[in-house]
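Got your viewer open? Load the model, switch to cartoon, and follow along.

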Amino acid sequence: MRVLVTGGAGFIGSNFVHRTLATRPDAEVTVLDALTYAGSTTSLDGVLDRVAFVEGDVADAAAVDPLVARSDVVVHFAAESHNDNSLTDPTPFVRTNLVGTFTMLEAVRRHDVRYHHISTDEVYGDLELDDPERFTEDTPYAPSSPYSATKAGSDHLVRAWVRSFGVRATLSNCSNNYGPRQHVEKFIPRQVTNVLDGQRPKLYGDGLNVRDWIHVDDHNDALWTILEHGRIGHTYLVGADGEMNNVDVIRLVLELMGQDPEAFDHVTDRAGHDRRYAIEAGRLRQELGWAPRYGTFRDGLAATIDWYRENEAWWRPVKEATEAKYALTQQVLTR
């Protein structure tokens, strides 16, 4: 199978490439990535010589079309995905998440190529902390940030191209991923690398915001399950029953790293910070038979901490710039 992976030098995409080559050694993988700040070929260390790497923009039809034409399946990870950045400048989110998805859809339409679209649970907005419900495939969309709004728009484009043009596509909306090769601007790697640097972790607001965590390898195994067994036109929610509030995540990070679980600082909350996400992954589990490998969030987090401890050369070059950006953001928020 010839697989085109967009955003394959980013967090989830690079782990998908590693996982694919480990579990499907006969796959021919091409990676298309613009190598923005969140993507790096270092995330493909160990497999770069086994993939065809193309530096390019998913919104560039001239770059996209020939790659799609010689592929059997396209897995579309490429996205601007950091909420804080979308609040600062929504422009790249519109271009990559909306125009980029449109460009990919037109290419797979022209060449009749199987397409899978990766999205997020943030398109559904948020839930009250005491709400017994979870997001399902039928939950109405209610995005609350430029990031989630552009991802919601991209989902609608995919469904329209399936219905209007017969594009052979599936979609998945996943809960919060964690694991190796995640940029240090993100919540878990930021806390882990702060502790490794002898710094106290930083927590937005009261820390009671709940996220539904899944290890990136479990997510990517679910994607292959959908690619091989999913029904065209259907959406599958991907989650691992990993609900935990942010303050308890920080406490668990500190505990697993041998620190005082209360050794963290509260900082001013960001605008529009969703309170709770929770995924009901029943369709994926019952119809397609998928189940996560990591039995608990604690197990997956321990493995993730080990990876960052052992791979300082991967995250160190961007750590200082990331913390400087956060310091500036806090100055703005506290004015």
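Here is a short tour, from the sheet out to a loop. Keep in mind that this is a predicted model.

**Stop 1: the sheet.** Colour the strands first. You should find an open sheet of seven strands, paired in parallel and ordered β3-β2-β1-β4-β5-β6-β10. Its edges are β3 (51-55) and β10 (235-238), each of which pairs on one side only. Look along the sheet for the twist: on average, neighbouring strands are turned by 20 degrees against each other, direction ignored.

**Stop 2: one strand pair.** Select residues 2-6 and 28-33, which are β1 and β2; the two run parallel and are joined by five bridges. For a single example, pick Thr6, whose bridge partner in β2 is Leu32.

**Stop 3: a helix on the sheet.** Now add residues 146-165, helix α5, which packs on the sheet. Which strands does α5 touch? They are β5 (114-120), β6 (169-174) and β10. Relative to the direction of β5, that of α5 makes an angle of about 155 degrees.

**Stop 4: helix α8.** Select residues 246-256 and show side chains. Asn246, Val247, Val249, Ile250, Leu252, Val253 and Leu254 are buried in this helix. To see what covers them, bring in elements including α6 (187-196), β8 (202-204), β9 (210-215), β11 (243-245) and α10 (297-310). Then zoom in on the two ends. At the N-terminal end, Asn245 acts as the cap of α8, with a side-chain oxygen 3.3 Å from the backbone nitrogen of Val247. Just after the helix, Gly258 has a positive phi of about 75 degrees.

**Stop 5: Ser175.** Jump to the loop between β6 and β7 (176-178), where Ser175 lies. Is Ser175 buried or exposed? Its relative accessible area is 4%, so Ser175 is buried, the cut-off being under 20%. Show its surroundings: leaving aside residues up to four places away in sequence, Ser175 touches Asp121, Asp212, Trp213, Ile214, Val238, Gly239 and Ile279.

**Stop 6: Thr296.** Finish in the loop between α9 (282-288) and α10, where you will find Thr296. Thr296 counts as partly exposed because its relative accessibility is 41%, which falls between the 20% and 50% limits. Measure from a polar side-chain atom of Thr296 to the backbone nitrogen of Asp299, and the distance should read 3.1 Å. For a longer ruler, go from the C-alpha of Thr296 to that of Val5: the two are 291 residues apart along the chain and separated by 29 Å.

Notes:
Residues are numbered from 1 along each chain as its sequence is written. This is a predicted model: local features need pLDDT of at least 70, side-chain atom pairs count only at pLDDT 80 or more; totals for chains, interfaces and linings use all residues. Side-chain values use heavy atoms; hydrogens and water are left out. Two strands pair if DSSP finds at least two bridges between them. Helices (H or I, at least four residues) and strands (E, at least two) are DSSP runs, numbered from the N terminus. Axes are lines fitted to C-alpha atoms, for helices over the stretch in contact, and angles run from 0 to 180 degrees between N-to-C directions. Contact means heavy atoms within 4.5 Å. Buried means under 20% relative accessible area, exposed over 50%, partly exposed in between (1.4 Å probe, protein chains only). A polar contact is a pair of N or O atoms within 3.5 Å; within protein, one must be able to donate a hydrogen and the other to accept it, and residues adjacent in sequence count only if both atoms are side-chain atoms.
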